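The following exercises concern pockets, a sheet, a helix pair and cavities. Please study the sequence and the structure before reading each worked solution.

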Amino acid sequence: MAAVMQHASAYLERFSSLQAGRDSEPNWLRERRELAMERFLRMGVPTPRDEEYKYTDLRALSDGRFLLSPDEPGGHARPAHLAGQRIAAACGDSLAVAGPAPPGIRVMSLSEALVRGEPRLEDRLASIASIERHALCALNTALFEDGVVIVAEAGADSREPLHLEFGPGRVARLARVLIIAERSSRVTVVETYSGLGEYWRNAVTEIHVSENARVDHVRAQLESPQAFHTGVVQAGQERDSRMSSFSLSFGARVARNDIGTRLDGTGCDCSLDGLYAVRGHQLVDHHTGIDHAMPHCHSHQLYKGVLDGNARGVFNGKIFVRRDAQKTDAVQSNKNLLLSDSAEVNTKPQLEIDANDVRCTHGATIGQLDADAAFYLRSRGIGEAEARKLLTYAFATDALARVGVASLRERFEGLLLDRFAPEAA
Amino acid sequence: MLRISNLHASVDGKRILRGIDLDVEAGTVHAVMGPNGSGKSTLAAVLAGRDGYSVDAGSVTFRGQDLLDMDPEIRAREGLFLAFQYPVEIPGVSMMYFLREAVNSIRRYRGLTELAAGDFIRLARQKIKPLGIDPGMLKRAVNEGFSGGEKKRCEVFQMSVLEPCLGILDETDSGLDIDALKVVSEGVNGLRGPDRAFVVITHYQRLLRYIVPDYVHVLANGRIAQSGDRTLALDLERHGYRWIEERSTALAAAGA
């Protein structure tokens, strides 16, 4: 194995010790892990020299210390539970799947799925998210110890969210999720990430949405303020399928999310939406990618950000429209509210269009609280801090409206209001 | 109730108010008229505490306290209400939530218990009816997508819910058709009483047929150029503002 990166030894050591204990893993997975490790060692942890990480400095992560070291003592808080049925929790060195799953839905740990010989695992696991493009996805593939597999059987319809909670501990640091929605099924999955102290979580979720199926995916990043969070969510969609992704990013010192879908059949619909709210010296970076490979597909993106203090935000939205993808309808919008003079946002739409009969629109705004609106509220007796909170909430409300599950949306509203409550402002 | 003495104010270094004196007693209605640019809206903005206006000299006391020293929300809680010339649209905040928050902010300040949601809805429905506003408006975002007339009616509705002791109406009549004007005026007249006063700022005498003032003041070049009873308004209707402006310019030139 050609290791060219610096600090390779710590990663290699972990990898070798894990591979030694993986006799029971099928060959295809062992081979994918070998390949992934090789890719990671060749690319290393991205640096700001890489155009894709221009504003997001991950150099503190390069030696792997925050990923591979054990948790700080006392760091074993329970992961946050938001709403819906708690179905799997990863905490400490293990992962627990708590039943019973709704009818037509199979939920199991990855290790169990491998032992059981769950069909289609070989087709989907470590094959939807690209280890070629994402060094950190490759790292997760090489090192993950366990994960969650959710299979919605053909025709199953489950709208109550299944809740996956990732807390502290070595298994959850390298969270891995695979969601397979079979033909004409529907499933809703919520992932929560939270912890205490300084650590690095590097998570990967892969989603396969079969013909006419629907997956609603919500991701709540509520990591500790000292944490680093890197995450990849990648979906592949067959014809007439629907996928929605909502990314809530409130926590972590540095958070980088890569969220994408490939529309591989005609008549697909996807929405990638999100809300980030950061303050202090937090940095939150979303890179989205929608690959319109086939005609008559619709994509919608609304990302909103609230930034206070010296916080920084990054949004990069790529839309590819391939030559065959005629009649594509793609809408992208990123709007930011700066609550202080020293907060900063870098936002960039990136459209590559090779078809000629398409509709693609994009827009980005960066603004401050409307002084006229604030005065109007105050002139009616509402205090300054309360007015600011109300206007911040009002700004975020159309993004939050994209969360289909009402109980979850209410929790998120509460979290947002707490975050910009007068005491915190 | 309100005493304005020698008030000077400027915006971006430009002097707009050049020595306003005005006493408003409880139970009275004062109309402030004047041509465009005379300082009418600046006076309203300074009284309500809008940012961007600097008071260069003079004082304003409101119910015995220094008004200019108070934040805008404190002025409101003390009982001052400004009906905006251009009410602000606030997408994402419902009228209901906004107004209940306002009512309860004021009640908390006065040491009263907050109104529960149900009690507030009953109050709002009772106050909205005479103004001919569709109660569905309460569920809509504040002023968002309202027509000009709806916005003005909504200002008067808010005033009737908040029950201030001093209402300042900044060109609430501008752009209203005669039916809307009647409704708005009836709303204001319904609030008149011995403990409440109004300063009605208007460009048009027409309003004063419906809200009959006790006093009329004409503002020109940042000063009150003429005061009188409602017959002054009729003179202005007949002769326009020109004679007053000319007189005020002449007075200023003479150093008065």
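**Exercise 1.** Which helices each supply at least two residues of the lining of the second largest pocket?

*Solution.* The model is predicted, so to speak of local features a pLDDT of at least 70 is needed, side-chain atom pairs count only at pLDDT 80 or more, and totals for chains, interfaces and linings use all residues. Residues are numbered from 1 along each chain as its sequence is written, chains are lettered from A and ligands numbered from 1 in the order in which they are written, and side-chain values use heavy atoms, with hydrogens and water left out.

Step 1. A pocket is an open set of points on a 1 Å grid over the protein atoms alone, where a 1.4 Å probe fits, with protein on both sides within 12 Å along at least five of seven lines; lining residues have an atom within 4 Å of a point. Helices (H or I, at least four residues) and strands (E, at least two) are DSSP runs, numbered from the N terminus.

Step 2. The helices sought are H8 (371–378) and H9 (384–400) of chain A and H2 (72–77) of chain B. H8(A) gives the largest share, five residues.

Step 3. The volume, meaning the space filled by probe spheres set on grid points joined across faces, edges and corners, is about 480 Å³ for this pocket. Its lining has 22 residues, and closest to its centre are A:Ala371, A:Ala374, A:Arg378, A:Glu384 and B:Asp51.

Step 4. Ala, Val, Leu, Ile, Met, Phe, Trp, Tyr, Cys and Pro count as nonpolar, Asp, Glu, Lys and Arg as charged, and the others, Gly among them, as polar. On this basis the lining holds ten nonpolar, three polar and nine charged residues.

**Exercise 2.** Describe the largest pocket.

*Solution.* Step 1. Its volume is about 650 Å³. Among its 34 lining residues, A:Ser130, A:Arg133, A:His134, A:Gln234 and A:Gly289 lie nearest the centre.

Step 2. Strands E10 (228–237), E12 (254–263), E14 (283–292) and E16 (312–321) of chain A are the elements that give two or more residues to this lining. By class, twelve lining residues are nonpolar, twelve polar and ten charged.

**Exercise 3.** What is the strand order of the open sheet of ten strands?

*Solution.* Step 1. Two strands pair if DSSP finds at least two bridges between them. The order in chain A is E2-E1-E5-E7-E9-E11-E13-E15-E17-E19, with mixed pairing.

Step 2. At the edges are E2 (94–97) and E19 (359–368) of chain A, each pairing on one side only. E1 (85–91) of chain A joins E2(A) in the antiparallel sense over four bridges; A:Ala90 has A:Leu95 as its bridge partner in E2(A).

**Exercise 4.** How do helices H3 and H5 of chain B pack?

*Solution.* Step 1. Axes are lines fitted to C-alpha atoms, for helices over the stretch in contact, and angles run from 0 to 180 degrees between N-to-C directions. H3 (95–109) and H5 (148–162) of chain B pack at about 35 degrees, with their axes 10 Å apart.

Step 2. Contact means heavy atoms within 4.5 Å. Residues in H3(B) including B:Phe98 and B:Ile106 meet residues in H5(B) including B:Phe157 and B:Leu162. The contact has ten nonpolar, one polar and no charged residues.

**Exercise 5.** How many cavities of 30 Å³ or more are there?

*Solution.* Step 1. In a cavity the probe fits but cannot get out. The count is three cavities of 30 Å³ or more.

Step 2. The largest cavity has a volume of about 50 Å³. Its lining includes A:Ser379, A:Arg380, B:Phe81 and B:Ile106.
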